[in-house]
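User: I would like to go through this model with you. Could we begin with the ligand site and then move outwards?

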Amino acid sequence: MLDVVEALRREMEAERIATEDEVETFRIKYLGQKSGSITNLFKKIREVAPEDRRAFGQQLNALKQATEARLDESRDILRRAAAEAETQTIDLTLPGRRPLTGSVHPLTQTRDDIVRIFERYGFSVADGPEIEDDWHNFTALNFPPDHPARDMQDTLFVEASEGGEGGVLLRTHTSPVQIRVMKDQAPPIRVLAPGRVYRNETISYKSYCLFHQVEGLYVDEGVTFADLKYLLHAFAKAFFGEDVRMRFRPSFFPFTEPSAEVDIWWSDENLPGGGRWLEILGCGMVDPNVLKAVDIDPEKYTGYAFGMGVERPAMLRYGIDDIRVFYENDIRFLEQF
Ligand code: DAH
C-alpha cells in the first residue's frame with residue numbers, strides 16, 4: 001500500500017497546472033469529496049494491516065498536505081499573473097515616449113559653422129598633433145629663444161627642454177599646423193586647421209586650460225593684405241550678420257608681419273556707449289622667416305594667416321557667460337543645443 005501512495009505522489013507532482021480550470025480539475029482529481037484519489041485511499045485505511053496502518057496514515061497525510069500546498073501555490077501564481085497582466089495593459093491613449101537623441105556640442109557646432117564659411121572660399125581642412133615639439137610650436141614660427149610665450153607660465157610641457165629650445169609640449173595654438181602643411185605641400189596652399197590647444201592658465205569664467213582655435217593659411221604668388229581683409233570681412237558678415245561692424249587693429253605676432261587683431265562691435269544696451277569692441281582673431285602676412293623655415297621662397301611667394309578662438313564666438317552666439325560649462329558635460333547644459 002505504501003507503494004501506491006508513493007506512485008500517487010509522483011503522479012501528483014508531475015501534474016501541469018496552468019489555468020483556473022486546471023486548478024479545479026486537479027483539486028477534484030486528488031482531493032474531491034466523492035472520488036478524489038487521495039480521498040479514496042483514506043477510505044481504505046481499514047483494509048491495511050493493523051501493524052502498517054500508522055505508517056500508511058502518516059504517508060497519506062503527508063501526501064495530502066503536499067497536494068494542498070501545490071494547490072495553494074498554483075492559485076497564487078495564477079493570481080499574481082492576472083494582477084500583472086492588468087497593470088501592463090497597453091493604454092493606446094498615452095502619448096508616445098520620445099527617443100533620447102544626442103545633440104552636437106555647441107563648440108562643435110560653432111567650429112563646423114566657421115569651417116563651412118571658409119570652405120566656400122576654397123579652404124580645406126588640415127590636421128596636426130596636439131602633442132607638439134618646440135620647433136613646430138615656436139622656433140619655426142619665428143619665436144626667439146627667449147620669448148616669454150615659451151615660459152613655463154603658459155606652456156604645458158610633456159618633456160621639459162634644456163636652455164629654452166627643444167622639448168615636447170601640448171601645442172599652445174593651432175599655428176604649428178601651418179608649419180606642418182607648408183613642410184608637406186608646395187604653394188598654392190589654402191588650409192584651415194581647427195583643433196584643440198592647451199595653456200597653463202588659471203581657470204576662471206573666462207579662461208580654461210584647454211580651448212579651441214581655427215587656423216587659416218593661404219600661400220601663393222601675389223597674396224596681399226587686401227585679400228586677407230576681404231576674406232575676414234566676408235567671414236564676419238556670414239557669421240555675425242550682414243550689418244556686423246569690424247575693425248583691424250595693429251598688433252604683433254612673431255610669425256606675421258604686419259600683424260593685426262580683428263575686433264567686432266558687440267551691441268549691449270546695458271554698457272555705457274551701447275556696446276564694446278571684442279577681439280575675435282589674430283592675423284597678418286606670413287613672416288618671411290617662417291617661409292624660409294619651411295623652404296618656401298619668400299621672394300616668390302607671400303601668404304596670409306589668421307587664427308581665431310572658437311569659445312568666444314560660441315559664448316557670444318549662445319549668451320554663455322562662463323567658459324567652464326563647455327567642458328563639464330552637464331547634461332542639463334548640453335540638452336539645450
Ligand atoms: N596663434 C595665435 C594665438 O594663439 C593666433 C594667431 C594670430 C594665428 C595671428 C595666426 C595669426 O595665424 O596670423 O594667439
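**Ligand site and surroundings**

Analyst: In this predicted model, an N or O atom in the side chain of Gln 213 is 3.0 Å from an oxygen atom of the ligand.

User: What lies close to the nitrogen atoms of the ligand?

Analyst: A polar side-chain atom of His 173 lies 2.9 Å from a nitrogen atom of the ligand. For Ser 175, a polar side-chain atom lies 3.0 Å from a ligand nitrogen atom.

User: And how many residues surround the ligand?

Analyst: There are 15 residues around the ligand, and the closest are His 173, Ser 175, Arg 199, Gln 213 and Glu 215.

User: Changing topic: which domains are assigned?

Analyst: The domain assignment gives domain 1 (2–88) and domain 2 (106–334). Their centres, taken over C-alpha atoms, are separated by 86 Å.

User: Which residues have the most contacts inside the largest nonpolar core?

Analyst: Phe 118, Leu 232, Tyr 304, Phe 306 and Phe 326 do, in a core of 44 residues. Helix α8 (residues 225–240) contributes the largest share of this core, 6 residues. A second, separate core has 23 residues, including Phe 138 and Val 290.

User: What does Phe 326 touch?

Analyst: Beyond its neighbours within four places in sequence, Phe 326 is in contact with residues including His 105, Pro 106, Met 315 and Phe 333.

User: Now helix α4. How many residues has it, and what covers its buried ones?

Analyst: Helix α4 (residues 50–87) has 38 residues and spans 56 Å from first to last C-alpha, close to the expected 56 Å. Its buried residues include Phe 56, Leu 63 and Arg 70, and what covers the buried residues of α4 includes α1 (2–14), α2 (20–31) and α3 (37–43).

Definitions and conventions. Residues numbered from 1 in each chain as written. Predicted model: local features only at pLDDT ≥ 70, side-chain atom pairs only at ≥ 80, totals over all residues. Heavy atoms only, no water. Helix = DSSP H or I, 4+ residues; strand = E, 2+ residues; numbered from the N terminus. Expected span 1.5 Å × (residues − 1). Buried < 20%, exposed > 50% of the residue type's maximum accessible area, 1.4 Å probe, protein only. Contact = heavy atoms within 4.5 Å. Domains from an automatic or database assignment. Core = buried A, V, L, I, M, F, W, Y, C linked by side-chain atoms within 4.5 Å. Near = heavy atom within 4 Å. Polar contact = N/O pair within 3.5 Å; in protein donor to acceptor, adjacent residues only side chain to side chain.
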